[in-house]
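Got your viewer open? Load the model and keep the selection box handy.

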Amino acid sequence: MRADRLVAALLFLQTRGRVTAAELAAELEVSERTARRDLEALTASGVPVYAQRGRGGGWRLVGGARTDLTGLTSPEVRALFLAAGSSAASPELRAALRKLLRAVPEPLRPHAEAASRARIVDELDWSGTAVTAADPHLAELEGAVLDGVRVRLGYARPGEEPAERTVDPFGLVHKAGHWYLVAGTADGLRSFRLGRVSSVEPTGEPVRRPAGFDLAAAWRSLATRLEDRLLAASVTAHADQDALPVLQRLFGGRLRIGRLLGDGRREIEAAGPSLEVLAAQLAGLADRVEVVGPPAARAHLARLGRALRVRYEELEEAATTS
């Protein structure tokens, strides 16, 4: 920790030009005596720092000596502070950015300060609900990845009870509002959505990482497999023009809008994990979307329609006789 303080003290001197022990103590949140010892340690280590006695005195760098601890270019500074300088950053990250701001060369500081104020991350949707689910085990898994320690992971697949397995945590990926753990298992490389993790227990055993492992390449491979499962089925349909915005919100990149038909409707193609899921998603649009094929998708919609009709006719009848 003292090495961190000495670096911070040097950067504070560079920023202010002249500082008193009291000012440095307030900045570093230490006692004035500790701040004075840190300044003396800088002098003893060869840094050209000297004390000026009397009124208006303090500690200065000889000849305005400076050090650039970053080596960052202007585009790099902008990119770094844009990525990490939001008001949603953790207290630790904000403290690190303040130290880094003092380290960058003087001409680059306005760019860094502007970049740090240019973005805000708001995790709430318009109803006030958090878009990203809470991941209480994120910190534990980050620690396991950084320390290279195997963990026993409690994990629940959709519709199943949690099961425990031992995995080698290789890295973490944030995609579409969710965190995923990329890990080695007895069945090969797998991804685990943190929202489904029920427990994390370090084993104390070292991670067995494949030689030349690359997290980005591993994630691309896993994501491709997942996308293949998510796009396993597709339907074609004719959609009313006013249904297109709803379809675009519903399917996003899984929707392809085709040619304009003679009756004013549009030919569309939508993809999903199964025909059952696609039928359920399209059923809410009723007669605004007519599924053309495959026949199995039309059969699913017909069954849904009959089930909905029977159910709500029964409810309506019960309501009128009660």
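Here's a walk through some stops worth selecting.

First, the ground rules: this is a predicted model, with local features needing pLDDT of at least 70 and side-chain atom pairs counting only at pLDDT 80 or more, while totals for chains, interfaces and linings use all residues. Residues are numbered from 1 along each chain as its sequence is written, and side-chain values use heavy atoms, with hydrogens and water left out. Helices (H or I, at least four residues) and strands (E, at least two) are DSSP runs, numbered from the N terminus.

**Stop 1: helices 2 and 3**

Select residues 21-28, which make up helix 2, and add helix 3; the two pack at about 105 degrees, with axes 8 Å apart. Axes here are lines fitted to C-alpha atoms, for helices over the stretch in contact, and angles run from 0 to 180 degrees between N-to-C directions. That makes helix 2 roughly perpendicular to helix 3 (65 to 115 degrees; under 35 is roughly parallel, over 145 roughly antiparallel and the rest oblique). To see the contact (heavy atoms within 4.5 Å), show Ala21, Ala22, Leu24, Ala25 and Leu28 from helix 2, against Glu32, Ala35, Arg36, Asp38 and Leu39 from helix 3.

Now click on Glu29, in the loop between these two helices. Its phi is positive, about 60 degrees, although Glu29 is not a glycine. Is Glu29 buried or exposed? With a relative accessible area of 73%, Glu29 is exposed (exposed is over 50%, buried under 20%, partly exposed in between, using a 1.4 Å probe and protein chains only).

**Stop 2: the three-stranded sheet**

Next, pick out the open sheet whose three strands run in the order 1-3-2, with antiparallel pairing. Strand 1 (18-19) and strand 2 (49-52) are the edges, each pairing on one side only. Two strands pair if DSSP finds at least two bridges between them; strand 2 and strand 3 (residues 58-61) have four. One pair to label is Gln52 and its bridge partner in strand 3, Gly58. Bring back helix 3 (residues 32-44): this helix packs on the sheet, touching strand 2 and strand 3, and its direction makes about 30 degrees with that of strand 3.

**Stop 3: helix 7**

Jump to residues 138-147, helix 7, where Leu138, Leu141, Ala144 and Val145 are buried. Look down the axis: these buried residues fall within an arc of 125 degrees, so they line one face of the helix. The arc is taken from the directions from the helix axis to the C-beta atoms. On the other side, Ala139, Leu146 and Asp147 are exposed. The buried residues pack against strand 4 (149-155), strand 5 (163-175), strand 6 (178-185) and strand 8 (197-206). Gly148, just after the helix, takes a positive phi of about 65 degrees.

**Stop 4: Asp168**

Staying in strand 5, center on Asp168. Asp168 counts as buried because its relative accessibility is 7%. Its side chain reaches the backbone nitrogen of Arg208 at 3.5 Å. Beyond its neighbours within four places in sequence, the residues in contact include Arg150, Val182 and Pro206.

**Stop 5: helix 9 and beyond**

Go on to helix 9 (residues 244-251), with Leu244, Leu247 and Phe251 buried. Seen down the axis, they fall within an arc of 60 degrees, so they line one face of the helix. Strand 10 (255-260) and helix 10 (275-283) are among the elements covering these residues.

Finish at the Gly293–Pro294 peptide bond, which is cis, with omega about 5 degrees. Pro294 sits in the loop between strand 12 and helix 11 (295-321).

Methods:
A polar contact is a pair of N or O atoms within 3.5 Å; within protein, one must be able to donate a hydrogen and the other to accept it, and residues adjacent in sequence count only if both atoms are side-chain atoms.
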